[in-house]
Amino acid sequence: METGHKSDLEEMKVLAGEADSGYDERETNPTHAWGSKWLLVRLLDVESRGILPTLPKERTDPQFYKVFFIWLSANCNILSFSAGTVGPLVFELGFRDSALVIFGFNVIGCLLPGYFSTFGPKTGMRQMVQARYTWGYHLAALPALLNAATMMGFMILNCILGGETLASVSDGSLSWNVGIVIIAIVSLFISFCGYRVLNWYERIAWLPILIIFIIALGIGGKHLSDAPPPAPATARQVLSFGSTIAGFVISWCALSSDFTNYMRFETPSWKVFVWSYAGLILPITLVQILGAAFAASLTSVDSWSAGYDAYSVGGLLHGILSPAKGFGSFLTVLLSLSVSANVAPTLYSFSLNFQVIFPPLHNLPRPVFSLIASAILIPLSIVGKTRFYLNLVNFLGIIGYWVGCFGATVLMEHLIMRKGRWERYDASIWDKPRQLPVGLAALVASAGSFSLIWAVMDQVWWVGPIAKTTGDIGFEVAFVLTALLYPPLRLLEIRLLSR
């Protein structure tokens, strides 16, 4: 097994940050050399570092509460609002049932990304690099690829939503395409600059959006009502909507430690977890419930219905704020830009996944991949702009399956195989395939869970025999079954391959 059997003294040195890391940063981090040659990189204080783990002495950021604002701003936006509207508008649930599903599934769903945020200060590794200690050097490219596809999907949804909201304000004089490009460029700039600028922006981006949502509630609150749904909620409706909500929040666990690997090693893990959990659950739950409230009352206000029919969620928001005339239009523009607080950190992590999928590319500066990702993002957003709700529901329902498998394998590896001990992650072997696990246990456990997932899936293109009664419980099955399969398979992998 690659963890080895360090003496107690050596383990204490590692924990104190005094042990030799096993690699020379000047030799293995050429991105610093690249960055020093770029004038723009120097002027903007751009973070050029990619997936190279940070040494304990480099984890100098004492402000561990920054992670709260990253999650707060990333989720206090109109995408969270739109996810809440899915309950009444797609699954035909009443406001009360929608709110209960939102609250219940988020209380549980925020646990995993909150916990994985604690990995950054202790290991100094980005999330998909740390995944190599479960999935292996080569097979870690698989969850990294799935994660990249997931993040691209979220960015596309954000750009479409931001673009349509801008278009609703201009009453069609500004096309969705232009709005999409504006959102993408703003997000690219923030992501391009990296850790410092990203943290600064996320620290303040949530406040005006929160104020606007409060104003919207003040203007439109008198029209809110909990009209009874056509029929009592069924298990299929509740669990399928819950799957959508779970997919929204649980996907953050695949990039959680990307934003905490510069924080001090000595930072208590419970503090990182609490701030991360609070930063996730507060905005996601409150904004989604707000979206469900307005969606449940959509048909009671003509201007809301007309705006929704013309510009989807963006039009609904503009309709809610329209009584404020020009000021309402200004607020709608600010709401459209709120998605950049979600796209920017996602774009940041997307660039890191490139380097895990294609390891030789880790020699290139991280900002290069932000440019590449933006070049992919804009045309895909323009192509998919007319099918927002269909894409949203299908996308959020599906991603929960693979993320459930990924989260279970990483969690079981940490808690059971490594006994929750951080010193068992040897940073010096992060790029050494022959010393890392092979990853077959993670692959087989995940694949094995799909032997049952197919039967509990409830998607437009497939409804499993069990799901016809229960609704979509694919995420729950993926997580539980993978968690049960992984430990014995990992023990077998160690016995046969000795790592």
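Where is the place of Arg-424? I looked this up before anything else, in what is a predicted model. Arg-424 sits in the loop that runs between α21 (388-417) and α22 (440-453).

**Entry: the loop between α21 and α22**

I checked the accessibility of Arg-424 and noted a relative accessible area of 25%, so Arg-424 is partly exposed. I then took a C-alpha to C-alpha distance from Arg-424 to Thr-123 and got 9.6 Å, for a pair that is 301 residues apart in sequence.

I went on to Pro-433, which lies in the loop between α21 and α22. Its relative accessible area is 30%, and Pro-433 therefore counts as partly exposed. I paired Pro-433 with Arg-132: the two are 301 residues apart in sequence, and their C-alpha atoms are 9.0 Å apart in space. For contacts I left aside the neighbours within four places in sequence, and I found Pro-433 in contact with Tyr-137, His-138 and Arg-499.

I also looked up Lys-419, whose place is in the loop between α21 and α22. Lys-419 is not a glycine, yet its phi is positive, at about 55°. Buried or exposed, I asked of Lys-419? With a relative accessible area of 55%, Lys-419 is exposed, because the cut-off for exposed is over 50%.

**Entry: Ser-498**

I noted another positive phi at Ser-498, about 65°, again although the residue is not a glycine. Ser-498 is found in the segment after α24 (474-497). I read 49% relative accessibility for Ser-498, so Ser-498 counts as partly exposed, since exposed requires over 50%.

**Entry: helix α12**

I took helix α12 (residues 141-170) next. It has 30 residues, and I get 43 Å from its first C-alpha to its last, close to the 44 Å expected at 1.5 Å a residue. How many of the 30 residues of α12 are buried? I count 24, so α12 is largely enclosed by the rest of the structure. Asp-171 follows α12 and has a positive phi, near 55°.

**Entry: α12 against α18**

I looked up how α12 packs with helix α18 (residues 325-337): the angle is about 165° and the axes are 8 Å apart. That angle makes α12 roughly antiparallel to α18, because angles over 145 degrees count as such. I recorded the crossing of α12 and α18 as left-handed.

Which residues in α12 meet α18? On the α12 side I list Gly-162, Thr-165, Leu-166, Ser-168 and Val-169. On the α18 side I list Ser-329, Thr-332, Val-333 and Ser-336. Sorted by class, the residues of the contact of α12 with α18 are three nonpolar and six polar, with no charged ones.

I then followed the contact to His-318, which has its place in helix α17 (residues 302-321). His-318 has 18% relative accessibility and so counts as buried, because the cut-off for buried is under 20%. Leaving aside neighbours within four places in sequence, I find His-318 in contact with Ser-168, Val-169, Ser-329 and Thr-332. In the list for the two helices, Ser-168 and Val-169 belong to α12, while Ser-329 and Thr-332 belong to α18.

**Entry: α7 against α15**

I looked up the packing of helix α7 (residues 95-109) with α15 and noted an angle of about 40°, with the axes 9 Å apart. That makes α7 oblique to α15. The crossing of α7 and α15 is right-handed. From α7, I list Ser-98, Val-101, Ile-102, Phe-105, Asn-106 and Gly-109 as making the contact. From α15, the residues include Val-238, Leu-239, Phe-241, Gly-242 and Ser-243. Ile-245, Ala-246, Val-249 and Ile-250 of α15 also take part. By class, I have 10 nonpolar, five polar and no charged residues in the contact of α7 with α15.

**Entry: helix α5**

I closed with helix α5 (residues 66-75), which is mostly covered, with 10 of its 10 residues buried. Among the buried residues of α5 I noted Lys-66, Phe-68, Trp-71 and Asn-75. What do the buried residues of α5 pack against? I list α6 (78-89), α14 (195-220), α15 (235-250), α16 (269-296) and α19 (340-357).

Methods. Residues are numbered from 1 along each chain as its sequence is written. This is a predicted model: local features need pLDDT of at least 70, side-chain atom pairs count only at pLDDT 80 or more; totals for chains, interfaces and linings use all residues. Side-chain values use heavy atoms; hydrogens and water are left out. Axes are lines fitted to C-alpha atoms, for helices over the stretch in contact, and angles run from 0 to 180 degrees between N-to-C directions. Helices (H or I, at least four residues) and strands (E, at least two) are DSSP runs, numbered from the N terminus. Angles under 35 degrees count as roughly parallel, over 145 as roughly antiparallel, 65 to 115 as roughly perpendicular and the rest as oblique. A crossing is left-handed if the near helix is turned anticlockwise from the far one by less than a right angle, and right-handed if clockwise. Contact means heavy atoms within 4.5 Å. Ala, Val, Leu, Ile, Met, Phe, Trp, Tyr, Cys and Pro count as nonpolar, Asp, Glu, Lys and Arg as charged, and the others, Gly among them, as polar. Buried means under 20% relative accessible area, exposed over 50%, partly exposed in between (1.4 Å probe, protein chains only). The expected span of a helix is 1.5 Å times one less than its number of residues.
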